[in-house]
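Look at the fold shown below and follow its helices from one end of the chain to the other. The text after it explains how some of them pack.

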Amino acid sequence: MRFRAGRQAAARQVRAASNSLDRRAAAWRVSAIQSLPARPNAVSPIASIAVNTVLLTLIIAVRYVLIAWTTHALIWRKGRAGSVGTQLNRDWPKSATIRHELKLSVLSSWIYALPAAIGYEAWKHGGTMVYLDPLKYGVVWLVLSGFVYLLIQDAYYYWLHRLMHHPALFRWTHAGHHRSRQPTAFASFSFDWAEAALNAWLLPALAFVLPIHPAVILILLTLATIAAVLNHSGAEVLPPWMVRGPVGEWLITASHHSVHHNHYQKNFGLYFRFWDRLMGTDTL
Ligand SMILES: [Zn+2]
Ligand SMILES: [Zn+2]
């Protein structure tokens with residue numbers, strides 16, 4: 001009996017000793033961690049934005065050249081008398097026009113890359129409404145968000161476009177784009193720096209106030225590229241029944257936008273025709 005009591009007391013002493021040892025070890029670990037110098041931030045936000053701007057500039061420029069070049073090569077095939085589809089340009093594209101369009105587009109690339117890199121940096125720090133769980137705001141918003149973004153972008157561009165045609169602004173904001181009276185697919189991104197800057201901030205800024213999923217951003221960018229490249233290609237690839245039918249009735253086609261490159265006071269829209277219709281600037 002006395003022997004068992006002694007063993008229990010010994011066990012208690014061992015436990016107490018080991019608990020105090022554990023506590024001391026834990027305290028030592030905490031103090032050791034606290035005494036470590038704070039982990040230096042691997043890359044500062046400014047450096048990160050700079051690096052991402054360079055990367056995005058390359059991605060935007062290379063993507064633009066590949067898509068524009070492929071479209072142009074398919075529409076204006078060597079050995080043909082004219083374009084594929086209904087030719088809208090009077091002449092075969094001139095290399096001087098393409099060189100000008102290429103130069104402005106490559107310059108525009110970094111102007112578009114900078115706000116995107118800032119938006120990405122803000123997203124990394126939780127500062128935007130870009131969300132990764134596709135069901136976070138429900139399926140309805142997932143789909144609707146794309147249309148809301150499109151409508152805002154379309155309205156913004158219509159009014160910005162009209163403003164840029166004001167004689168006081170035209171020369172330094174929009175004349176570069178209009179040097180292509182007979183545009184090619186390469187004109188899809190050829191903007192003066194001011195026009196590029198006035199356009200490039202919109203989508204990243206919207207991402208701060210309107211929730212959007214990256215997949216929707218990707219779809220919007222793809223649609224914008226397809227529309228811009230085809231609408232400047234110098235030919236109408238859609239069949240006449242679509243241009244004059246339900247598609248062309250509401251959406252801006254190459255036939256619609258090519259009119260703007262010749263008659264500056266008509267057809268200012270980006271995706272949809274309703275702003276032009278509403279303001280009496282629509283013609284086809
Ligand atoms: Zn214009
Ligand atoms: Zn244009």
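What follows goes from one helix pair to the nonpolar cores and then to a short helix. The model is predicted.

Begin with helix 2, residues 45-75, and helix 3, residues 95-124. Their axes lie 7 Å apart and make an angle of about 135°. Angles over 145 would count as roughly antiparallel, and helix 2 and helix 3 are therefore oblique to each other. Their crossing is right-handed. On the side of helix 2, the contact includes Ser 48, Asn 52, Leu 56 and Ile 60. On the side of helix 3, the residues include Ser 109, Tyr 112, Ala 113 and Ala 116. The residues of this contact are 15 nonpolar, 6 polar and 1 charged. An α-helix has 3.6 residues a turn, so residues three or four places apart point the same way.

Next comes the interior. In soluble globular proteins, nonpolar side chains tend to be buried together. The largest nonpolar core here has 28 residues, and Tyr 112, Ala 113 and Phe 186 have the most contacts inside it. Helix 2, helix 3, helix 7 and helix 9 each give two or more residues to this core, and helix 3 supplies the largest share, 9 residues. Leaving aside residues up to four places away in sequence, Ala 113 touches Thr 53, Leu 56, Thr 57 and Ile 60. A second, separate core has 6 residues, among them Val 130, Tyr 149, Leu 203 and Ile 212.

Last is helix 7, residues 193-200, where Glu 195, Ala 196, Leu 198, Asn 199 and Ala 200 are buried. Their cover includes helices 3, 4, 5, 6 and 8.

Conventions: Residues are numbered from 1 along each chain as its sequence is written. Chains are lettered from A and ligands numbered from 1 in the order in which they are written. This is a predicted model: local features need pLDDT of at least 70, side-chain atom pairs count only at pLDDT 80 or more; totals for chains, interfaces and linings use all residues. A residue is buried if 20 or more other C-beta atoms lie within 10 Å of its own, exposed if 12 or fewer, and partly exposed in between; C-beta atoms are placed from the backbone. Helices (H or I, at least four residues) and strands (E, at least two) are DSSP runs, numbered from the N terminus. Two residues are in contact if their C-beta atoms, placed from the backbone, lie within 7 Å. Axes are lines fitted to C-alpha atoms, for helices over the stretch in contact, and angles run from 0 to 180 degrees between N-to-C directions. Angles under 35 degrees count as roughly parallel, over 145 as roughly antiparallel, 65 to 115 as roughly perpendicular and the rest as oblique. A crossing is left-handed if the near helix is turned anticlockwise from the far one by less than a right angle, and right-handed if clockwise. Ala, Val, Leu, Ile, Met, Phe, Trp, Tyr, Cys and Pro count as nonpolar, Asp, Glu, Lys and Arg as charged, and the others, Gly among them, as polar. A nonpolar core is a set of buried Ala, Val, Leu, Ile, Met, Phe, Trp, Tyr and Cys residues joined through C-beta atoms within 7 Å.
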